[in-house]
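Here are a few short exercises to work through with the model open beside you. Try each task before reading its solution.

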Amino acid sequence: MDTVDLTFATVSLEEHVAHVTLKATGKGSRMGPDYWRQMPALFGRLDTDEAVRAVVISGEGEHFSFGLDLASMSAELAPLLQPDGGARARQQLLATIRAMQQANSAVARCRKPVIAAISGWCIGGGVDLATACDVRLASKDAKLSVREVKLAMVADVGTLARLPGIVGEGVARELALTGDDVDAARALRLGLVNEVFESREALLAAARAMAARMAKHSPLVLGGIKEVMNARSEAVARESLATVALWNAAFLPSKDLLEAMGAFLERREPTFSGE
């Protein structure tokens, strides 16, 4: 499996199970430019590599992912997010959102079973990635949050498209509209994760063991199961992703977004005006 050009993660392969470990930047695994650009190619290779029959995704260190790396993405995104930007900036923003959506959609489309092993924080983009996986397992210290609403954003790379199919409409709307943190125990009750383990080590061992059990089955049948189940779920997701890309291209650049960013940097509560 050729991963020579891979910089956002490491990949190991053992007994037909590929383990993708998101590299940590700072305290946790964050999604910078390399994640968005390299993820589709990586999962394209995993999808076609006959040596790979199942995949585990985890974060390096204590956390699964803190989501979008605002610091490293600011140079690319900041010019597109000004409220007074013209039509060209909106077109570029739409193209950027559509391209970023492909990172997690590549995971969902992969014909190999994909298991998310979630420890520590799983925030924003981390939830987008987790919901694109087939199974989510967690350690008891895991906390998940659809945090975008607190930053005056509509989550646009997968969560709103896929979370309702996992936990149901009512719960998905609650999590998206409040931005509340969900601990591992509640995530298990909600069906957001399948099982909770005492430690990160136990979690990773269980995720690898489950992937190995899947990998023993016919790869043709595993791919068929995913294709049949995706025919329903990903059809819904595609429509939702198309809608949110248009919405955010039009309305994400706002005074409320600038207020949210300023409040974040100044460590204060934002005051939103709806502008």
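**Exercise 1.** Leaving aside neighbours within four places in sequence, which residues is Ser-254 in contact with? Then decide whether Ser-254 is buried or exposed.

*Solution.* Keep in mind that this is a predicted model.
- Start by locating the residue: Ser-254 sits in the loop between α9 (219-251) and α10 (255-266).
- Next, list its partners beyond four places in sequence, which are Leu-81, Pro-83 and Glu-275.
- Finally, take its relative accessible area, 10%. Buried means under 20%, so Ser-254 is buried.

**Exercise 2.** Work out how the axes of helix α4 (residues 125-132) and helix α5 (residues 159-167) are arranged, and what makes their contact.

*Solution.*
- The two axes come within 9 Å and cross at roughly 50 degrees.
- Angles under 35 degrees count as roughly parallel and 65 to 115 as roughly perpendicular; α4 and α5 are therefore oblique to each other.
- The crossing of α4 and α5 is left-handed.
- From α4, the contact uses Val-127, Asp-128, Thr-131 and Ala-132, and α5 supplies Thr-159, Arg-162, Leu-163 and Ile-166.
- Sorted by character, these residues are four nonpolar, two polar and two charged.

**Exercise 3.** Find which residues touch the most other members of the largest nonpolar core, and which helix gives the most to this core.

*Solution.*
- The largest nonpolar core has 63 residues, and Met-39, Phe-43 and Ile-57 touch the most other members.
- Helix α3 (residues 87-109) gives the most, with eight residues.
- Now follow Ile-57: not counting residues up to four places away in sequence, the residues it touches include Val-20, Leu-22, Phe-64, Val-107 and Leu-129.

How values were computed: Residues are numbered from 1 along each chain as its sequence is written. This is a predicted model: local features need pLDDT of at least 70, side-chain atom pairs count only at pLDDT 80 or more; totals for chains, interfaces and linings use all residues. Side-chain values use heavy atoms; hydrogens and water are left out. Axes are lines fitted to C-alpha atoms, for helices over the stretch in contact, and angles run from 0 to 180 degrees between N-to-C directions. Helices (H or I, at least four residues) and strands (E, at least two) are DSSP runs, numbered from the N terminus. Angles under 35 degrees count as roughly parallel, over 145 as roughly antiparallel, 65 to 115 as roughly perpendicular and the rest as oblique. A crossing is left-handed if the near helix is turned anticlockwise from the far one by less than a right angle, and right-handed if clockwise. Contact means heavy atoms within 4.5 Å. Ala, Val, Leu, Ile, Met, Phe, Trp, Tyr, Cys and Pro count as nonpolar, Asp, Glu, Lys and Arg as charged, and the others, Gly among them, as polar. A nonpolar core is a set of buried Ala, Val, Leu, Ile, Met, Phe, Trp, Tyr and Cys residues joined through side-chain atoms within 4.5 Å. Buried means under 20% relative accessible area, exposed over 50%, partly exposed in between (1.4 Å probe, protein chains only).
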